[in-house]
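Student: I am new to this structure and would like a close look at a single part of it, taken slowly and with the reasoning spelled out. Could you show me the sequence and the model before I ask?

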Amino acid sequence: MKLHRVELENWRKHTKRRIDFDDNATIIYGPNETGKSTILEALSKAFFDRSSSHAESIKGVKPRTASGNVTSSVTVEFTLNETRYRVEKNFNLRRGTSLYKVVGNKPVLQAQDDSADEQLIKLLEADLPSSRGSKPSQWGAFRWLWTPQENRELPTDKDGDPTAALHLERGETGGVLVTPKFQDVQNLVQTSCARYFTKTGRAVSGSPISNTEEEIQEHENRRTELADIIDKVEAEKHQLRELEQQLPGLEQKIAATRDELEKAQTEVVDLSAIESKLEASEADVREAKRNVQDSEKAIKELKNSAKEVESLQKKEKKARDNLSRLEAVCEHLEKRQQEAKAEVEEKAMKIRECEELTKDARILWTMADTEKKIKDSNERIRKIDDITTKIEKLSKEEAPVVPTEDEIEKLSNSLARIEALKESLAMRGLTVTVTPGKKGSLQVEVDGKNLEDGRLKDTGAESVSVTAPELGKVDVTADIKQAHDAKVDIKGLQASIQSTLKKYSVKSIDQLKDLSRKQNDISKKIDLLQAERKGIDERTVNEMARELKKLEKILEECKKTERTPNAIKLNSLDGDLAELMNIREQEQEAAKTVLDRARTQRDEVDKEHLEKKQELAGIRAEQKSCSEELEKARAREREVITQHGSVESQEKNLSTANADLTKKNEAYKKIKQRHDELEKGPLNRIKRLKKQIENQDQVIRQQQTSIDQLKGGIAKESLGGAYSELTETESQIEILTERLEKERMRAESFKLLKEALENQYHSALSGVVGPIKDEVKASLSYITRFMHEDVELNEYLFPTRFGERGIDDISLEFNDASSGLKEVLALCVRLAIAKHLSKRDSQCLVLDDPFVHVSTDRSDRVIEKINEAISEHGLQVIVFTHRPMEFSGFTGRMVDIQSDK
Amino acid sequence: MKGGGLGEAGPIVREIRIESILNVLKSAQEKNADFVLLCGDIFEHNMVSQETVKKVVAIFNQYPRIPIYLLPGNHDILGSDCVYNRAIFQRLKHLTIITTDDVVEVVGATLHPCPVLSKVTAQDLTARIPNVRETDGIHIGVAHGSLVGKFPSSNWEDTALPVDPSCIERTGIDYLALGHWHSHRAFDDDRGVPRIAYSGTHEQTKFGEDDAGKCLLVEIEKKGDPPKIDTITTGKLTWTSDEFEMKDSSSLDELKRHFEAIRDIDMVRLELHGELPLELKEELENMLEFQATIHKNLRVKSESLNITVPPELETPFDFGDPILNQTETYLKESLSKETDPGQRRIIVEALAHLQRYGREVGS
């Protein structure tokens, strides 16, 4: 197909637009949102959609500025299979299609509306669209050749078989690869195969095979059950036979036992006499036993009471021993108690002595110390009095007021200031003295002479002419204020000075300074004296006097205290009384310690003594109690002896009783033996035989019951007809197994056939796709500069894998490729297809922004390839782009969408 | 008789086997027999369904005037579960179930039964038959077992119930009626007179049983006379078992003719050998499918039949589609290389499907 022109009216942004296409290449460019893709949209709608469509995509083509519905129309002129056509399609408001053949320059109407739509679709070898609008999958070969934005991706295997759309013919023999016959046969085979297998080759549940297998399994299970029933019956029959075989034997045995019983019952023996003897012997034996027991009991009692007496005697002796021991201990403790008491008294005496001496030493020391203190105190008082006198004297010399250093300095400064002011006044050359007069008048003195002046204002520099007697008229220009101020200042300062001097009753600053100096000296002296006084004692004299009185009182008291002779003797007045006092105090402490120790010992002895006394009391009580018990035990012993006699006599009795018992036992045994012999005879035998018959009868009954049960069970099972059912079941299994075998073979044959068909198809397809694949490989190699030299296309012409230089096999999947490479791959495939289809008719490749991700170097080579296809295969290319410079390599027409130039 | 190996025909055979008992009784009536002697294994097992028993009893009831003496065999063996213990048999007045070796007086003769009490015994079953040479009257022995040394012992069952072949000479009985073997057999005494006979089953039970489906009419005039033994066919079904060699395309016609010849046979077993070209496989299958509708049972074994492909693969079947043609070529090549019989059959099936679908779609 070659597109010649397209005209749009009321189509989105295009109110009225015509574009003429170049036979080779047309580049339609413009910025974004200028309606480039709309052109392609219009072309596709013109070709593939019905004008009567109500699809949203159709409704959406009306201009946004249009109010209400409008007619959007598109007209395309094109050549297909060397015939020129024109199609005019109106959508939305006035719908309709007109298909013309253009003969010469004259359009000849071929069909209209639906008929025209259908004819056009047929010409294009596309599929009729649904009412929801056409989809690229219905565009036939145009699906690969035209790439609107919604169809940028290459079709994959999910989008249908391209062999028909792309006329993929068999290379050598010609003809379409996939014929309807093949498809029909394949469908039949797949349908047959689907009865047995899923698409992944697994067995289908519910298939004839699985159903038959299940049925067989059910029958197998039932067969097993029936066989088990039959086996069980056989086993029971075997058991029954055994039981029936045993039964006669058992019956024989019981009969024999009955005979024996009958025989035994004829033997009867009278045992009454021997039984009487046996009873009497038993009584004798019992009596003999009682005698033995009595003797034993008596002996036991005698021994027990003797033992008890002995035990109590021991106990009582032990108590007495303890008592003696404790009494000795207590006596010893009493002695110790006395000793401890004596020692405590002795130590206490020692303490008293020490206290006496210590007290005496303390008094002596106190007296000496007090005397010293009194002396010191008097001395201090005296000194303090002296100092006080001096201070008083000096205080009298003190001036009531004393100038401070600041004042003196201030005065000095004032003087200096005055001098400075004077000097400043003097530096004017004349000694001018300006004194403010009344109400602003000035008294001017020039060199000591007063001058008359006018009234001046006291406002800054003024000039006044005055007549100086010697000088004549003198213009005095002065900073009246300054001079005034200076004067005022001087006066003020002088007044201040005077005031201060007056304050301190001096006439000069020097006198003031002297005054200050003197006063300072006096103050210093007073301070020194006060410090000295403080150093002697900080307290007042009264306080010191009070203290002195106290000391004197203490001394008096000490003197009054009489010394003991012992103290007089032992406490020496020579030496250091303080040392003596320490010694005595230490002695006293030591004596106290010793006393405390003695007291502690005494207390311990007392405590121990008390404990032992308590223990002694306990032992005494115990001993008393033992004695009483012993007495009682002795009394009981006497009773027992009275009752039973001595142990020896009882032992004799016991010996006699034992002998008697032995004798009587022997007699009894003899009688018993005789009795048993008689008893074990027929009576015992009869009993035994009866028991035996009873047991045998029970066994026979049990056996019979088992036999009956088995017979019943076997009969019942027999009626069940398990064998008949088993036979039927086995027949069924046989039938089903044959059927299963057949089905399996059938399934395998269908599977084999399906696989064979698929393999042959793919093989054939590969042969057809081969040339296109080679074409794609060549383009890809060139464009990528041999970076990617190999590519695999599937039967849907989709590039599944590609190779990379340096990697031996085709190992990269399509999705591994970068966006740019994917675009290049897609372009190579489209170009290859276009070339392939160009064998039938010239083709039109429409690309919408094909180099979104492709780098310039590669896009240049793509353009080279396209140009090659244009020149060698008559390909027509239409490109929509916003980067026209990329496509400057094309030889064709450039259309600016905005200006349509 | 289980009717094993008959597939879907098994139930049919079992049913007919019961029905053909009627023929025995009918023949007895027609021939004015004094009594009917059944020598065991009327039922395959004691645990047969009551329905089956009822059918047999119903048949017996149709001829109430003919006394029937029945000796159980090793399948319907005497014992606690013996099928003949069922109450339904007690109501048949003309039926005598022989359970002991006590002699049974019948019309014109004395029966000496040898009941089978155990499935296996080493003792001659006829050992207890007394010497009756000096006893008047016709004496007939009745037993169920194998005449020792007269049959090949293919399994233990065949020799588990021994019958002394010199019983006649030993006891002087006039005739020994035997059951156990399915085919009719008669044996001579030491004087060359046939006095021992197996009637065989009254209805053939499987392929390979020759001379079955019969009963015997035995006439003995008086003591010592040679018995006159006539065979009467009672079996309803006809059987045939054949082998057929396929050689080429003409073999099919030959087979067709063979089927024509055996058109009336009920139970047909056919074993096919040889080779058959692939393109004739379908025709053969169609023929067999058709024949299966004619006979009561058609069992065809074709494991030994080799389906072949023509050596000239350049002229394959033309489907009018290249891929289909290539597929056929591929399958034929696979077939020519395949040696496993199972796989070969699968490939052949696949080829057959392909051709069939190719024709169906083309039409």
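Student: Does Gln623(A) count as buried or exposed, and what is its relative accessibility?

Tutor: The model is a predicted one, and that should be kept in mind throughout. At a relative accessibility of 15%, Gln623(A) counts as buried, because the term is used for a relative accessible area under 20%. Gln623(A) belongs to helix 13 of chain A, the helix that spans residues 577-644. Once its neighbours within four places in sequence are left aside, Gln623(A) is in contact with Glu316(A), Ala319(A), Arg320(A) and Leu323(A). The chain also brings Asn322(A) into this picture, for its C-alpha atom is separated by 8.8 Å from that of Gln623(A), although the two residues are 301 residues apart along the chain.

Another residue of helix 13 of chain A, Asn582(A), can be set beside this one. Asn582(A) has a relative accessible area of 37% and is therefore partly exposed, whereas Gln623(A) is buried. Asn582(A) also has a partner from elsewhere in the sequence, since Arg362(A) is 220 residues away along the chain while the two C-alpha atoms are 8.9 Å apart in space.

These two examples can be read against the whole of chain A, which has 18 helices and 19 strands. Of its 901 residues, 40% count as buried. Among the contacts in chain A between residues at least 6 apart in sequence, 68% join residues at least 24 apart.

From helix 13 we can turn to helix 16 of chain A, which covers residues 722-783 and packs with helix 9 of chain B, residues 322-337. Two packed helices are described by the angle between their axes and the distance between the axes. Here the angle is about 125° and the axes are 9 Å apart. Helix 16 of chain A and helix 9 of chain B are therefore oblique to each other, and the crossing in which helix 16 of chain A passes helix 9 of chain B is right-handed. On the side of chain A, the residues that meet the other helix are Leu752(A), Leu753(A), Ala756(A), Leu757(A), Gln760(A), Tyr761(A) and Ala764(A). On the side of chain B, they are Ile323(B), Leu324(B), Gln326(B), Thr327(B), Tyr330(B) and Leu331(B). Sorted by kind, the residues of this contact between helix 16 of chain A and helix 9 of chain B comprise ten nonpolar, three polar and no charged.

Helix 16 of chain A also holds Ser749(A), which counts as buried at 0% relative accessibility. Apart from its neighbours within four places in sequence, Ser749(A) is in contact with Ile346(B), Glu349(B), Ala350(B) and His353(B).

Tyr761(A), one of the residues that meet helix 9 of chain B, leads on to the aromatic pairs, of which the structure holds 19 over all chains. Phe182(A) and Tyr761(A) form a stacked pair, 5.8 Å from centre to centre and with 15° between the planes. Phe182(A) lies in helix 5 of chain A, residues 180-194, and Tyr761(A) in helix 16 of chain A, so the pair ties together parts that are 579 residues apart in sequence. Phe182(A) counts as buried at 1% relative accessibility, and Tyr761(A) counts as buried at 9%.

In chain B, the rings of Phe43(B) and Tyr84(B) have their centres 6.0 Å apart and their planes at 55°, so this pair is tilted. Phe43(B) lies in the loop between strand 1 and helix 3 of chain B and Tyr84(B) in the loop between strand 2 and helix 4 of chain B, so the pair ties together parts that are 41 residues apart in sequence. Both Phe43(B) and Tyr84(B) are buried.

A last point concerns the backbone. Most residues other than glycine have a negative phi. In strand 1 of chain A, residues 2-11, sits Asn10(A), whose phi is near 55° and thus positive in a residue other than glycine. Asn10(A) is partly exposed, with a relative accessible area of 22%. His180(B), likewise not a glycine, has a positive phi of about 130°, and its place is in the loop between strand 9 and strand 10 of chain B. With a relative accessible area of 13%, His180(B) is buried.

Notes
Residues numbered from 1 in each chain as written. Chains lettered and ligands numbered in written order. Predicted model: local features only at pLDDT ≥ 70, side-chain atom pairs only at ≥ 80, totals over all residues. Heavy atoms only, no water. Axes fitted to C-alpha atoms, helices over the stretch in contact; angles between N-to-C directions. Helix = DSSP H or I, 4+ residues; strand = E, 2+ residues; numbered from the N terminus. Parallel < 35°, antiparallel > 145°, perpendicular 65-115°, else oblique. Left-handed = near helix turned anticlockwise from the far one by under 90°. Contact = heavy atoms within 4.5 Å. Nonpolar A, V, L, I, M, F, W, Y, C, P; charged D, E, K, R; others polar. Phe/Tyr/Trp six-rings, centres within 6.5 Å; stacked < 30°, edge-to-face > 60°. Buried < 20%, exposed > 50% of the residue type's maximum accessible area, 1.4 Å probe, protein only.
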